[in-house]
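Me: Please take a close look at a single part of this protein and describe its surroundings carefully.

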Amino acid sequence: ENVLTIYGRTNSVSVQKVMWCVGELGIPHNRVDIGMQFGKNTNNPQGHVPSIVDSDGLVVYESNVIVRYLCAKYGGATTLWPTDPGARAQGDIFMDLCFQITPCMVTVFWNLVRTEPKDRDMVAVAEAAKKLGEEWTKINDVLEKRDYLGGDTFSM
């Protein structure tokens with residue numbers, strides 16, 4: 001069977017983003033555990049997850065790129081991929097905002113969840129939490145004015 005294959009472990013936020021997208025779009029797919037304890041993702045030169053191999057053999061990696069690709073290819077009649085470039089850009093803005101938020105989230109998560117209490121860098125956690133508070137406030141300000149970050153309808 002020639003279907004989309006997603007490479008990545010289920011506890012990866014980036015993989016979860018792609019899984020949510022294929023679920024919303026109803027794309028038949030398989031998922032293969034890869035990354036961390038499951039081994040390096042050889043579909044991505046950086047070794048990160050997720051990556052996909054589409055039914056035609058095309059390899060795509062980086063979660064935001066994958067979501068955009070899947071929406072462009074399979075999202076035709078859905079609100080996930082607006083036909084209006086301006087509406088699509090609104091979704092893109094907030095999709096890429098993760099590049100500002102993720103490093104702080106990683107600092108907090110790894111220190112508080114994955115690190116023994118005696119080894120935690122609580123100064124780094126406090127600095128990251130302060131920055132996250134500022135960023136989440138900006139996001140909340142947007143959501144005070146509209147239903148979704150990307151506009152008035154649910155989109156990527």
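The part in question is the surface patch of nonpolar residues.

Reply: This is a predicted model, in which local features need pLDDT of at least 70 and side-chain atom pairs count only at pLDDT 80 or more, while totals for chains, interfaces and linings use all residues. Residues are numbered from 1 along each chain as its sequence is written, and side-chain values use heavy atoms, with hydrogens and water left out.

Met-36, Val-106, Phe-109, Trp-110, Leu-112, Val-113 and Met-122 make a nonpolar surface patch of about 640 Å². Such patches consist of residues with over 30% relative accessible area and no salt bridge (a side-chain nitrogen of Lys or Arg within 4 Å of a carboxyl oxygen of Asp or Glu), with nonpolar side chains joined within 5 Å and like charges within 9 Å; areas come from the Shrake-Rupley method with a 1.4 Å probe.

Helix α4, residues 98-112, gives the patch its largest share, four residues; helices here are DSSP runs of H or I with at least four residues, and strands are runs of E with at least two. Val-113 sits in the loop between α4 and α5 (122-143), and Val-113 counts as exposed because its relative accessibility is 54%, exposed being over 50%, buried under 20% and partly exposed in between.

Met-36, another patch member, is among the residues touched by Arg-9, where contact means heavy atoms within 4.5 Å. Arg-9 itself lies in the loop between β1 (4-7) and α1 (13-25), and is buried without a salt bridge, the nearest side chain of opposite charge being Asp-33 at 7.9 Å.

Definitions and conventions. Buried < 20%, exposed > 50% of the residue type's maximum accessible area, 1.4 Å probe, protein only. Lys, Arg positive; Asp, Glu negative; His and termini not counted. Lists of a residue's contacts leave out its neighbours within four places in sequence.
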